[in-house]
Structure formats: C-alpha cells, structure tokens
Amino acid sequence: MTAASNTAHIVLLSGDGIGPEVIESAAAVLQCAARLGQLELRLEEGWIGGAAIDRCGDSIAPDTLESCLKADAVLLGAVGGPRWEHLPGHLRPETGLLRLRSAMKVYANLRPVRSRSALAAFTPYRPEILAGVDIMMIRELTGGLYFGERHRSETEAFDTCRYSKIEVERIARVAGRAARARKGRLCSIDKANVLDTSRLWRQVMSETIAREFPELILEHILVDAAAMYLAQRPASFDVIVTENLFGDILSDQSSTLAGSLGLLPSASLGDGTRGLYEPIHGSAPSIAGRGIANPIGAILSVALLFRYSLGHDHLARMIEDGVEEILDGSVLTPDLDPDSRLTTSDVTRMLCAVMSRHQVV
Ligand SMILES: NC(=O)c1ccc[n+]([C@@H]2O[C@H](COP(=O)([O-])OP(=O)(O)OC[C@H]3O[C@@H](n4cnc5c(N)ncnc54)[C@H](O)[C@@H]3O)[C@@H](O)[C@H]2O)c1
C-alpha cells in the first residue's frame with residue numbers, strides 16, 4: 001500500500017486497434033474518480049506500438065519512454081495489428097511493450113479474475129462451476145522466453161527460456177504477500193517434469209515461501225494439469241503464480257471464467273509503486289473503430305492504478321463497485337451479449353453516472 005498523494009502524473013498510451021477507444025473510456029473514468037476524490041491529475045499522452053512506428057519509426061517514442069519512467073503510473077490500451085505484422089522483430093509493435101515493461105522494471109503482472117453470477121450465462125461454464133471464482137493470477141513479466149536470446153534463419157529458429165534465482169525469489173515475494181492478504185493459499189504453476197527453468201522455479205519458490213511466508217499453504221501444479229483444473233474446478237484456486245509464457249496463456253484461458261477477454265484488467269509492478277496498467281486483451285483489429293469494444297478491462301485497470309500506484313483504495317473500490325452495478329444491470333457490450341446495441345461510450349457514460357451518485361468518504 002502506498003502513501004496516498006493528492007496529485008498524480010499519469011501517462012496515457014492508447015496504442016493500436018481498440019486501444020484508443022478503451023483508453024478514451026478509461027481516461028474518462030480516471031478523471032471522474034479523481035474529481036470525486038479531489039485528486040489533481042497531470043495527464044500526458046504518449047506513443048507506443050504501431051502508432052509509434054507510424055509516427056517516429058520506432059516501437060515506442062523515445063520521449064514517451066522517458067515520460068513513463070518519470071510518471072506515477074502508465075495506462076496502456078493495446079498494441080499490434082495486421083498492418084505491422086510484416087515488419088522485422090525489433091520493429092514490431094509488441095517490441096515497444098516489451099521494452100516498456102523492461103525499462104519500467106515491472107516484473108510482476110497481477111491479473112485478478114472473478115466470476116459474476118449476472119454474467120454466468122455468457123460463459124461456457126455451468127453456474128455451479130463458476131460459483132465463488134476469485135483468483136489473483138500473478139505472471140512473471142520480464143523474464144523467460146519473451147526476453148531470452150532468439151534467432152531465426154530460413155530453416156531454423158530458437159527462443160531461449162532463462163530464469164535466475166533472483167527473478168524467482170522476487171516474484172515469489174509478490175505472490176507471498178498477495179496470498180497472505182487473501183486466503184493464505186498459493187499455487188505455483190510450472191513444467192518441472194520437463195524443463196530445467198521450471199525445476200529451478202519450483203525449488204526457489206518452495207524455499208522462499210517456506211523461509212519468508214511459513215504460514216502459507218503452497219502447492220505446485222504442472223501447467224498442463226493446471227489448464228484442466230482451471231476449467232474443472234476454478235473456485236479451488238486463490239493466488240496463482242507462474243512464469244511469463246504460462247501466465248500469458250492461462251490468464252487468457254481464465255478470462256472465459258469472467259465472460260469476456262474485454263473484462264480483465266492487469267497491474268504490472270516492480271519494487272516501487274510506479275506501475276503499468278493495461279487490460280489483458282489485445283488490439284482486437286476486427287472490431288477496431290466500431291465503437292463497440294468492451295472498456296471494462298481498461299476501466300478496472302484504472303481501479304488497480306488507484307490502489308497500487310496512488311494509494312487511493314477507496315477510489316479503486318468506487319470504480320469496482322460501479323462496474324459491478326452496471327454489469328448486474330445488464331449494461332453489456334456485444335462481446336458479452338451479441339444482441340446488445342450498447343457502445344463503449346454508453347458504458348462509460350453509465351458508469352460515470354453511477355460513480356457520481358456514490359458518496360466518496
Ligand atoms: N498487450 C497487448 O497489447 C496485446 C495482447 C495480446 C495481443 N496483442 C495483439 O493484438 C492483436 C490481436 O490479437 P488477438 O486477436 O490474438 O487478441 P485480442 O485480445 O486482440 O482479441 C481476441 C478476441 O477477443 C476480442 N476482444 C478482445 N478485447 C476485446 C474487448 N475489449 N471488447 C470486445 N472484444 C474484445 C477480439 O475481438 C477477438 O475476438 C495482435 O496484433 C496481437 O499481437 C496485443
């Protein structure tokens with residue numbers, strides 16, 4: 001928990017595809033919450049992904065990167081799209097995001113996943129499977145395959161997965177603190193029956209948790225079995241911690257428990273309070289520009305921003321309560337309810353109206 005301050009410098013990175021649409025919505029909610037909480041914001045816009053490549057020939061604009069490193073928090077939409085897929089690796093939109101995560105040293109990606117009874121009908125699960133699902137998924141974000149040495153020739157390619165003891169220890173501490181603040185149960189997911197990185201991961205995770213969080217119950221599950229259990233008995237999980245690639249895949253899988261990829265937020269944190277906040281979805285090129293993107297993942301990322309970077313938990317809860325209220329009231333975009341005619345801006349407007357009715361303590 002941070003000491004709450006009454007001013008905040010936030011960089012907004014819209015990115016590509018539906019990124020600008022969900023960030024416009026999230027920025028409106030950010031400003032609405034700040035006004036209700038009497039918090040002064042300094043908002044700055046920056047360029048990342050395909051938008052940055054088009055503007056300055058690099059996957060993140062140099063002055064944007066500099067601003068992000070000085071800000072209290074960064075709020076990002078999404079990057080990527082077919083227009084930039086032919087470019088060489090170092091110029092791909094995703095490279096800008098990987099560079100930003102690395103430069104900000106945000107090694108812990110927190111992805112809360114909850115089921116809601118009002119949305120059960122829009123998921124592929126039976127209501128009894130979904131009852132009580134409330135998972136904090138913690139993904140290691142700056143190591144593993146996404147950052148290892150790689151090479152590609154005409155006939156061969158490789159990517160390298162590498163983890164150090166220090167990298168596993170620090171993510172174990174984030175997971176340990178999260179589990180301690182919740183139900184005291186931590187599940188570490190790896191592939192220790194095959195991979196050496198996973199065997200190191202399992203050993204260091206066990207030692208760190210036993211030494212620093214002896215009160216927690218730690219369980220290890222292989223990633224293939226975990227994928228099955230997440231669908232079979234998702235309510236049995238509390239805090240999950242896993243490496244970069246497994247976390248990327250399992251968190252998209254777990255979005256099916258919530259109802260839509262468009263609902264899930266994330267917070268990426270390092271050792272300090274500065275954080276990078278983004279919905280877990282991508283740039284959804286097929287619906288970009290149509291005004292129908294679900295902004296809730298980006299909006300709930302704003303709630304996490306208030307909680308983890310600005311220390312205003314009451315504003316985070318005000319946004320989360322407002323989201324619950326509108327989802328319970330069937331304010332749904334077409335990704336959830338194909339018959340819905342509601343737009344991104346309808347959802348934003350209704351949420352701001354609900355929040356404005358709430359009393360801020
Ligand atoms: N963090 C990121 O910026 C990020 C993450 C994943 C993918 N990507 C990039 O996004 C592009 C598209 O990738 P993809 O199609 O595999 O994944 P995606 O997340 O963009 O889309 C997957 C599916 O979910 C839907 N969807 C996603 N977010 C939605 C929202 N907010 N509202 C309504 N529907 C939503 C899409 O329409 C699509 O059907 C690629 O270029 C990929 O590299 C970026």
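In the predicted model, strand 5 (residues 134–140) and strand 10 (residues 239–242) run parallel and are joined by four bridges. One residue of strand 5, Arg-139, has Thr-242 of strand 10 as its bridge partner. Both strands belong to an open sheet of 10 strands with mixed pairing, arranged in the order 2-1-3-12-11-4-5-10-8-9. Strand 2 (40–46) and strand 9 (217–222) stand at the edges of this sheet; each has a single partner strand, so one side of each is left without a neighbour in the sheet. From one strand to the next, the twist averages 25°. Helix 7 (residues 196–212) packs on the sheet, where it touches strand 8 (185–190) and strand 9. The direction of helix 7 makes about 165° with that of strand 8.

The chain is divided into two parts: domain 1 comprises 1–107 + 261–361, and domain 2 comprises 124–258. A distance of 24 Å separates the C-alpha centres of domain 1 and domain 2. In the contact between them, 10 residues come from domain 1 and 11 residues from domain 2. On the side of domain 1 that touches domain 2, helix 4 (residues 93–104) gives the most, with three residues. By class, the residues on that side of domain 1 are seven nonpolar, two polar and one charged.

Helix 4 also meets helix 3 (residues 62–70). The axes of helix 3 and helix 4 come within 10 Å and cross at roughly 35°, and the crossing is right-handed. Helix 3 takes part through Leu-65, Cys-68 and Leu-69, while helix 4 takes part through Leu-100, Ala-103 and Met-104. The contact of helix 3 with helix 4 has six nonpolar residues, with no polar and no charged residues.

The surroundings of the ligand were also examined. The ligand is surrounded by 22 residues. The closest of these are Gly-80, Gly-262, His-281, Gly-282 and Asn-294. Divided by class, the shell around the ligand has 10 nonpolar residues, nine polar residues and three charged residues.

Key
Residues numbered from 1 in each chain as written. Predicted model: local features only at pLDDT ≥ 70, side-chain atom pairs only at ≥ 80, totals over all residues. Pairing = 2+ DSSP bridges. Helix = DSSP H or I, 4+ residues; strand = E, 2+ residues; numbered from the N terminus. Axes fitted to C-alpha atoms, helices over the stretch in contact; angles between N-to-C directions. Contact = placed C-beta atoms within 7 Å. Near = placed C-beta within 6 Å. Nonpolar A, V, L, I, M, F, W, Y, C, P; charged D, E, K, R; others polar. Domains from an automatic or database assignment. Left-handed = near helix turned anticlockwise from the far one by under 90°.
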